[in-house]
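Got your viewer open and a selection tool at hand? Here is a short tour, one stop at a time.

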Amino acid sequence: MTNQKTTDDVLIVGGGLAGLSLAAALGHAGLRVTVADRDAPATQLDEGFDGRTTAIAFGSQRLLTEIGVWPRLAADAEPIREIRVADGGSSLFLHFDHREVAPTTGGAPFGWIVENRRLRRALFERVAELANVTHLAPMAIEDHAAEGETVTARLADGSTRRARLLVGADGRLSPTRERAGIGTIGWPYRQTAIVCVAGHEKPHDGIAVEHFLPPGPFAILPMTDGADGTHRSSIVWTERSETVEALLASDQAAFDEELQRRFGPHLGAVRTLGRRFAYKLSLLQARRFTAPRLALVGEAAHAIHPIAGQGLNLGMRDVAALAELIVDHARLGLDIGSPTLLSAYARRRRVDALALSAATDLLDRLFSNDIPPIAAARRIGLAAVGQVPSLKRFFMRYAMGQRAGAGLDLPRLVRGEKL
Ligand SMILES: Cc1cc2nc3c(=O)[nH]c(=O)nc-3n(C[C@H](O)[C@H](O)[C@H](O)COP(=O)(O)OP(=O)(O)OC[C@H]3O[C@@H](n4cnc5c(N)ncnc54)[C@H](O)[C@@H]3O)c2cc1C
């Protein structure tokens with residue numbers, strides 16, 4: 001598969017969750033891949049690096065299974081069996097149960113809550129196992145240039161590497177995207193997500209809860225019990241940015257009191273376990289997903305509001321679609337960095353990314369306010385979803401990553417098929 005003149009088939013800039021998943025998918029399929037990240041694995045696995053959990057949708061779990069990552073994670077993944085959506089001020093709530101879509105999903109849960117640190121560790125281990133994948137970290141990529149049939153990148157140690165295709169998986173600030181002259185559209189949300197782990201008296205029974213409150217959604221996501229048997233949930237608490245600093249600075253008792261107020265009584269007494277993290281929220285779309293010999297994946301291509309827990313799942317569909325195109329071209333002896341492949345990739349991913357960006361943006365606007373006519377309209381909307389089973393099933397299958405938006409084909413890995 002590898003041209004003698006090139007070092008790699010694919011060089012991936014950024015070994016975050018999206019970049020490592022792509023490296024594992026391509027490496028698993030026999031391609032020669034280098035993935036470089038500016039941070040060392042030990043830094044990325046540090047407790048203070050990323051306090052988030054990810055709601056891995058059913059489709060992403062299938063991908064992780066196919067590429068040999070899921071077996072390392074399964075014991076640390078808590079299934080989401082039910083989702084309750086509550087509209088802050090009213091008593092109205094919507095209830096989704098995974099059994100309602102069992103005929104099309106085989107009874108799989110909606111998804112699984114996994115700590116990002118565990119997911120990263122599983123990806124590091126899988127990539128290290130693949131002889132044809134080189135993982136360089138810490139190693140920043142400082143420059144790149146496409147010329148003819150290859151792309152050459154300059155690394156922080158002054159060395160160069162060549163590949164057929166460069167992939168920018170270097171996050172929302174993506175230096176690779178900038179260098180390629182790809183502009184972005186987007187806006188900040190004036191909201192910040194406080195993320196922490198809460199310990200609670202009663203078990204969560206696999207139920208995820210999302211309270212829509214005027215400053216933003218407050219999500220309680222079921223986690224596996226701690227090593228000492230503590231029942232745990234991951235909290236994504238969205239607040240107006242100007243109030244977050246005070247909340248972060250408050251002492252443990254005051255913070256826990258605020259937490260308990262938002263939880264309500266259903267899980268008994270609640271307390272924070274470990275640190276509090278804060279993430280400023282913004283929406284971003286790259287104007288193009290490709291440039292000569294370059295494809296963007298994950299947040300380098302699109303960053304969305306976490307209101308529906310779909311950002312990485314969207315990135316996983318990029319990974320699945322790009323890996324499929326690369327492997328299919330390589331098998332036929334075709335150029336894996338060709339304009340044909342790149343435009344096929346952009347076509348397959350653009351609609352899904354735009355649709356999800358628009359949907360999450362709309363949801364946030366609709367729910368994160370207490371303006372009376374909007375509050376009334378959303379209550380009517382929630383009641384309608386609750387009353388129309390086909391509409392409810394549509395949302396459930398979308399959340400599971402089993403619809404890619406606007407009737408697009410799902411990539412093979414997301415359908416649970418081999419590459
Ligand atoms: C509060 C919150 C909750 C979320 N919850 C969910 C959820 O439940 N489900 C879900 O699907 N998504 C969720 N998301 C979204 C998800 O976390 C992101 O989509 C995901 O982490 C993005 O991964 P990435 O690999 O694309 O980018 P990043 O994680 O930003 O990785 C980019 C990598 O590139 C590296 N890099 C940058 N520049 C260079 C360079 N020059 N050379 C080499 N390396 C470089 C960086 O070091 C980094 O490791 C959430 C987001 C937030 C903010």
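Helices (H or I, at least four residues) and strands (E, at least two) are DSSP runs here, numbered from the N terminus. Residues are numbered from 1 along each chain as its sequence is written. What you see is a predicted model: local features need pLDDT of at least 70, side-chain atom pairs count only at pLDDT 80 or more, and totals for chains, interfaces and linings use all residues.

**Stop 1: colour by confidence**

Start by colouring by pLDDT, the predictor's confidence in each residue, from 0 to 100. The protein averages 91, and 94% of the residues score at least 70. Now select residues 1-5, where pLDDT stays under 50. For this stretch the model has seven contacts beyond four places in sequence; two residues are in contact if their C-beta atoms, placed from the backbone, lie within 7 Å.

**Stop 2: serine 233**

Next, select serine 233, which lies in strand S15. Is serine 233 buried or exposed? Serine 233 is buried, because 25 other C-beta atoms lie within 10 Å. The cut-offs are these: a residue is buried if 20 or more other C-beta atoms lie within 10 Å of its own, exposed if 12 or fewer, and partly exposed in between, with C-beta atoms placed from the backbone.

Show the surroundings of serine 233: leaving out residues up to four places away in sequence, it touches Ala198, His200, His204, Ile220, Leu221, Pro222 and Met223. For a sense of scale, draw a distance from serine 233 to leucine 284: their C-alpha atoms are separated by 28 Å, with the two residues 51 apart along the chain.

**Stop 3: strand S14 and its partners**

Strands of a sheet pair through backbone hydrogen bonds, either parallel or antiparallel. Two strands count as paired if DSSP finds at least two bridges between them. Select strand S14 (residues 216-222): seven of its seven residues are buried, so the strand is largely enclosed by the rest of the structure.

On one side, add strand S13 (residues 207-213), which runs antiparallel to S14 and is joined to it by five bridges. S13 and S14 make a hairpin with two residues between them. Look for leucine 213 bridged to glycine 216, and for histidine 211 bridged to phenylalanine 218. Then add S15 (residues 231-240), also antiparallel to S14 and joined to it by five bridges. Here proline 222 has serine 233, from the previous stop, as its bridge partner.

**Stop 4: the eight-stranded sheet**

Zoom out, and eight strands appear as an open sheet in the order S6-S5-S13-S14-S15-S12-S16-S19, with mixed pairing. Strand S6 (93-97) and strand S19 (302-303) stand at the edges with a single partner strand each, so one side of each has no neighbour in the sheet. Now show helix H7 (residues 241-249), which packs on the sheet and touches S12, S15 and strand S16 (270-286). The direction of H7 makes about 30° with that of S12; axes are lines fitted to C-alpha atoms, for helices over the stretch in contact, and angles run from 0 to 180 degrees between N-to-C directions.

**Stop 5: the three-stranded sheet**

Move on to an open sheet of three strands, in the order S3-S7-S4 with antiparallel pairing. Its edge strands are S3 and strand S4 (78-80), each pairing on one side only. From one strand to the next, the twist averages 30°. S4 and S7 pair over three bridges, and glutamate 78 finds its bridge partner in isoleucine 113 of S7. Helix H3 packs on this sheet, touching S3 and S7, with its direction at about 90° to that of S3.

Stay with H3 (residues 58-66): eight of its nine residues are buried, including Phe58, Gln61 and Leu64. Its buried residues are covered by elements including S3, helix H4 (102-105), strand S7 (111-115) and H9. Just after H3, check glycine 68, whose phi is positive at about 80°. Helix H5 (residues 116-129) lies across S3 and S7, running at about 85° to S7.

**Stop 6: the ligand**

Finish by selecting the ligand and the 33 residues around it, of which Gly14, Gly16, Gly171, Gly298 and Gly311 come nearest. A residue is near a molecule if its C-beta atom, placed from the backbone, lies within 6 Å of it. Helix H1 (17-28), strand S3 (53-57), strand S12 (184-200) and helix H9 (311-331) each supply at least two residues of this shell. Which element gives the most to the shell? H9 does, with four residues.
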